[in-house]
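Student: I would like to go through the pockets, the nonpolar cores and the cysteines of this structure. Please show it, and we can take them in that order.

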Amino acid sequence: MNSSRLRVAVIGLGIGRQHAAAFQTLTDRFEITAVCALNETQARAAAAEFGVRHVFTRFEDVLQQPDIDVIDICTPPQLHTEQALAALASGRHVICEKPIAADLIDIDRLAAAEAASGRRLMPIFQYRFGSGLQTLLALQKRGVAGDPLLASVEVHWRRRAAYYDVAWRGKRATEFGGVLTSQAIHAIDALLCAFGNVHSVAAFTNTSVNAIEVEDCAVATLRMANGALATISATLGSGPEISRHRFVFRGLVAESNTRPYSNCDGPWTFTADDPANQSTLDAEIETIERSRSDMQINSSSPDSGKLRGYTPPAGFAPQMLQFAEALVTGGPLP
């Protein structure tokens, strides 16, 4: 085994299977050494698929395993905080699926535990690494976009009764929330990446689609800390599924595609406020995209992970790779 690789235990094999697949595209940085799921058959099947040596059905047993550097928590939401605290206390770095906690008190507990442990804790927000959104962020950094004025976010997905047959879904105590917390959370994160923090919110929510405890329809109007305005529209009752972002800046308008689960990736449309500036804007975008293409990382290279601004397409692998880089450099987590 390459001793420079981070040895990972994946806990939970729902979304955890996608995490495992991402780690396996980064074999110079990560090695999956353990998987854990309550269902032993599921755990053994995943171990066979990903070539993993150790199989567990109890989280507590994983913590006793010596050859683990990172614990990747992909369990239901109500388990996230306590499992992350236990993993930090065991001396491991932690990656944790969203939502990482139910309230700010638990966030404070996690922050204190991370600081005391000397390890790093990273929540998952993989959509922010999409090439379309990253091009917009690069245009902002270059001063091309200008002041933010207004944004609209739509997350119109479909979830029906069968989806809520899973025991923890749809309940306040175990899912913490509905469409805003479980589905639209990534689109909201993308909004915050581009427009900054929120100053105030006015909102309405309904539970209209399914017989559940949490909201499945929501609308919100936001005033951002920088004075810009934004709207969010989210539902789980839409037959045709779409996700969409539209950002209006003083210098341009950025519009995403409408693919429901990858709209932060390309293609996006960027339109200059002044048509006379469109060619200049297009040239800026070409420079950004060429730079990104030139920095494609060969995962077999010893220099893999030296990102220096590299932004690959959306997905878990880019965030995992930048996590590994942050552990090496001591820099900020992605």
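Student: What is the volume of the largest pocket?
Tutor: The model is a predicted one. In it, the space in the largest pocket comes to about 1000 Å³.

Student: Which residues that line the largest pocket are the closest to its centre?
Tutor: The lining of this pocket is made of 38 residues. Helix H4 (80-89) and helix H8 (179-183) each supply at least two of them. The closest to the centre are Gly 14, Ile 15, Cys 74, Thr 75 and Trp 168.

Student: How many charged residues does the lining of the largest pocket have?
Tutor: Sorted by class, 19 residues of that lining are nonpolar and 13 are polar. The charged residues number six.

Student: Which residues are the closest to the centre of the second largest pocket?
Tutor: The second largest pocket has a volume of about 770 Å³, and 25 residues line it. The closest to its centre are Pro 99, Ile 100, Ile 107, Phe 125 and Ile 185.

Student: Which helix gives the most to the lining of the second largest pocket?
Tutor: Helix H5 (104-117), strand E6 (121-123), H8 and helix H9 (185-195) each supply at least two residues. By class, the lining divides into 18 nonpolar, two polar and five charged residues. With five residues, the most is given by H5.

Student: Which element supplies the largest share of the largest nonpolar core?
Tutor: This core holds 40 residues, and those touching the most other members are Leu 136, Leu 191, Phe 195, Phe 247, Leu 252 and Phe 270. The largest share is six residues, and they come from H9.

Student: What does Phe 270 touch, leaving out residues up to four places away in sequence?
Tutor: Phe 270 is one of the core members that touch the most others. Its contacts include Leu 136 and Leu 252, which are also on that list of core members. The full set is Gly 132, Thr 135, Leu 136, Leu 139, Leu 252, Val 253, Ala 254, Gln 278, Leu 281 and Ile 285.

Student: How many residues are in the other core?
Tutor: This core lies apart from the largest one. Among its members are Phe 23, Cys 74, Phe 316 and Ala 324. Its residues number 28.

Student: Why does Cys 193 have no bond to Cys 264?
Tutor: A disulfide needs two cysteine sulfur atoms within 2.5 Å, and a search of the whole structure finds zero disulfides. Cys 193 is partly exposed, at 27% relative accessibility. Its closest cysteine sulfur, in Cys 264, is too far for a bond, because the separation is 8.3 Å.

Student: Is Cys 217 buried or exposed?
Tutor: The relative accessible area of Cys 217 is 18%. The cut-off for buried is under 20%, so Cys 217 counts as buried.

Conventions. Residues numbered from 1 in each chain as written. Predicted model: local features only at pLDDT ≥ 70, side-chain atom pairs only at ≥ 80, totals over all residues. Heavy atoms only, no water. 1 Å grid on protein atoms, 1.4 Å probe; cavity = no way out; pocket = protein on both sides within 12 Å on 5 of 7 lines; lining within 4 Å. Points joined across faces, edges and corners; volume = space filled by probe spheres on them. Helix = DSSP H or I, 4+ residues; strand = E, 2+ residues; numbered from the N terminus. Nonpolar A, V, L, I, M, F, W, Y, C, P; charged D, E, K, R; others polar. Core = buried A, V, L, I, M, F, W, Y, C linked by side-chain atoms within 4.5 Å. Buried < 20%, exposed > 50% of the residue type's maximum accessible area, 1.4 Å probe, protein only. Contact = heavy atoms within 4.5 Å.
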